[in-house]
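Reader: Please walk me through this structure, one question at a time. I will keep my questions short.

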Amino acid sequence: MSHAPSRDTDRPLSAAGAAPRGRLARLRLPALLGVLALAATGCSKNDVPRFGFPKPITPQGERVLSFWQGSAIAALVVGVFVWGLIFWCVVAYRKNSDELPRQVRYNLPIEILYTAVPLIIIGVLFYYTAVIENYEDKQTAHPGLTIGVIGYKWNWQFDYPSVNGSKALQVNGREGEPPELVLPTDTTIRFVESSPDVIHSFWVPSFLFKRDVIPGRDNQFELTITKPGEYIGRCAELCGVDHDRMSFEVRVLAKADYQKWYAKASASTTGVSPDSALTAAGSNS
Ligand SMILES: [Cu+2]
């Protein structure tokens, strides 16, 4: 290690004493810009720990969120370490003479380290991915509700089977009027997907889950919703020219409200108006 003698030694004492303050002043602008960049993302303080993910409303989504948070924190740790190494090299090994630096190669321990550590990181990510995927793919023998999801060019149809002799119910979107998928809380819901034309993808961001709707296959999954409310749903597969029209609404009602809605909607001959769930439930939530 051959460091050039510090250039500060020639300076008068007063100037050397002022240097730290000058350095602080130079950091003020980048710090301000950093705060501004964070503020401009439009994230509230409560959103930051989710690293951009929406608030999950299913236990399955909670697991995905924890995994995402763990991965993001691991990536940040690696990132900070690498940035630190880069800045340290930039400063410690900056050019200080025209002499060619000592040429080195093959540091075996370091090469083994930077091969082994990424492999371990990938192994851990792979393990948790597999565990959570298995959890999300788990299906019960008798789900509380089975919904048929049909994605077609360019809308959605949701089929509710008949319950205790009631009529089966079909909810269909119309042009300019997205269909409303009404679901109960605290019920194991199985979704059975099908498509008559091309591949679509059923995606409700608040579930932190999407699954492709593939012609000739009946892709299935189950989940339980814990929070009533209104959520947005989309097609997450670029399925053609009017792909952007394939959005839908998800309205989650408390179990009792859902039953009231279902009784009314399945008895109706005129179909289900977008707000019938609310009026039937007699609530504004
Ligand atoms: Cu689509």
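Reader: In which sense do β6 and strand β9 (residues 229–235) pair?
Author: Strands here are DSSP runs (E, at least two residues), helices are DSSP runs (H or I, at least four), and both are numbered from the N terminus. Two strands pair if DSSP finds at least two bridges between them. β6 and β9 are joined by two bridges, and the sense is antiparallel.

Reader: What kind of model is this?
Author: Residues are numbered from 1 along each chain as its sequence is written. Local features need pLDDT of at least 70, side-chain atom pairs count only at pLDDT 80 or more, totals for chains, interfaces and linings use all residues, and the model is predicted.

Reader: Which residue of β9 is the bridge partner of Phe202?
Author: Strands of a sheet pair through backbone hydrogen bonds, either parallel or antiparallel. β6 and β9 take the antiparallel sense. In β9, Phe202 has as its bridge partner Cys235.

Reader: How many bridges join β6 to β7?
Author: β6 covers residues 200–204, and β6 and β7 run antiparallel. Trp203 stands opposite Lys210 in β7. Ser201 has Asp212 as its bridge partner there. The number of bridges joining β6 to β7 is five.

Reader: Which residue in the turn between β6 and β7 has a positive phi?
Author: The two strands form a hairpin, with four residues between them. One residue in that turn has a phi of about 50 degrees: Leu208.

Reader: Is β6 largely enclosed or open?
Author: A residue is buried if 20 or more other C-beta atoms lie within 10 Å of its own, exposed if 12 or fewer, and partly exposed in between; C-beta atoms are placed from the backbone. In a regular strand the side chains alternate between the two faces of the sheet. His200, Phe202 and Val204 point one way from β6, Ser201 and Trp203 the other way, and all are buried. With five of its five residues buried, β6 is therefore largely enclosed.

Reader: Which are the edge strands of the open sheet?
Author: The order is β4-β10-β9-β6-β7, and the pairing is mixed. An edge strand pairs on one side only, and this holds for β4 (180–184) and β7 (209–213).

Reader: What does the twist average from one strand to the next?
Author: Axes are lines fitted to C-alpha atoms, for helices over the stretch in contact, and angles run from 0 to 180 degrees between N-to-C directions. From one strand to the next, the twist averages 25 degrees.

Reader: Where does α2 lie, largely buried or in the open?
Author: Helix α2 has 34 residues (59–92). The number buried is two, so α2 lies largely in the open.

Reader: How far apart are the end C-alpha atoms of α2?
Author: The expected span of a helix is 1.5 Å times one less than its number of residues. For α2 that gives 50 Å, and this agrees with the end C-alpha distance, which is 49 Å.

Reader: Does Phe51 count as partly exposed or buried?
Author: Phe51 sits in the loop between α1 (13–40) and α2. Phe51 is not a glycine, but has a positive phi of about 50 degrees. Because it has 15 C-beta neighbours inside 10 Å, Phe51 counts as partly exposed.

Reader: How does Tyr106 count, exposed or buried?
Author: Tyr106 lies in the loop between α2 and α3 (108–137). Phi is positive here too, near 55 degrees. With 6 C-beta neighbours inside 10 Å, Tyr106 counts as exposed.

Reader: Which peptide bond is cis?
Author: Look at the loop between β1 (145–152) and β2 (155–160), where Trp154 is found. Omega is near 0 degrees for the bond from Lys153 to Trp154.
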